[in-house]
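Student: Hey, can you walk me through this one? I'd like to start with a single side chain and go from there.
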Amino acid sequence: INDHYIPQDSSDREASYLHWWPKKNTTEWVEYHFDEKKKVTESSVYWFDDGPWGGCRTPVSWKILYKSGSDWYPAQTTESYKVLKNQLNKVTFTPVETTAIRLEVVMPEQFSAGIYEWIIN
């Protein structure tokens with residue numbers, strides 16, 4: 001999810017991706033950890049969706065959390081989180097200095113979800 005490759009579309013079979021199959025109707029996450037504090041202001045996600053045949057669809061929702069001490073806090077976004085196929089879904093937020101960022105994803109009730117690329121800046 002950090003190979004800097006943007007797929008042709010959300011069902012690109014040639015691109016690498018991460019998925020949570022067979023988990024459905026759950027909240028899952030992935031994290032980036034940094035060696036030292038890093039200033040982060042935005043995040044973009046390109047969703048994996050192998051419909052109509054496969055078991056992964058775009059998620060119900062997602063959010064970014066940042067670590068402060070041993071606790072996680074939601075990033076204060078300046079726009080809504082989008083969940084669109086075939087494109088990067090970008091969100092900006094109030095800058096945070098942190099040693100870790102988490103992408104939390106809510107799975108659809110009847111499907112799982114996956115990610116091609118997750119970018120933070």
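Tutor: Sure. The side chains of Ser43 and Trp118 make a polar contact at 2.8 Å (a pair of N or O atoms within 3.5 Å; within protein, one must be able to donate a hydrogen and the other to accept it, and residues adjacent in sequence count only if both atoms are side-chain atoms). This is a predicted model, where local features need pLDDT of at least 70, side-chain atom pairs count only at pLDDT 80 or more, and totals for chains, interfaces and linings use all residues. Residues are numbered from 1 along each chain as its sequence is written, and side-chain values use heavy atoms, leaving out hydrogens and water.

Student: Which backbone oxygen does the Ser43 side chain reach?
Tutor: That of Ile119, at 3.3 Å.

Student: Is Ser43 buried or exposed?
Tutor: Buried, because its relative accessible area is 1% (buried means under 20%, exposed over 50%, partly exposed in between, with a 1.4 Å probe and protein chains only).

Student: OK, new topic. How do β3 and β4 pair?
Tutor: Strand β3 (residues 61–68) and strand β4 (residues 71–74) run antiparallel, with four bridges. Strands are DSSP runs of E, at least two residues, numbered from the N terminus, and two strands pair if DSSP finds at least two bridges between them.

Student: What's the bridge partner of Leu65 in β4?
Tutor: Pro74.

Student: And how far is Asp9 from Leu65?
Tutor: They're 27 Å apart, C-alpha to C-alpha, and 56 residues apart in sequence. Asp9 is partly exposed, at 28% relative accessibility.
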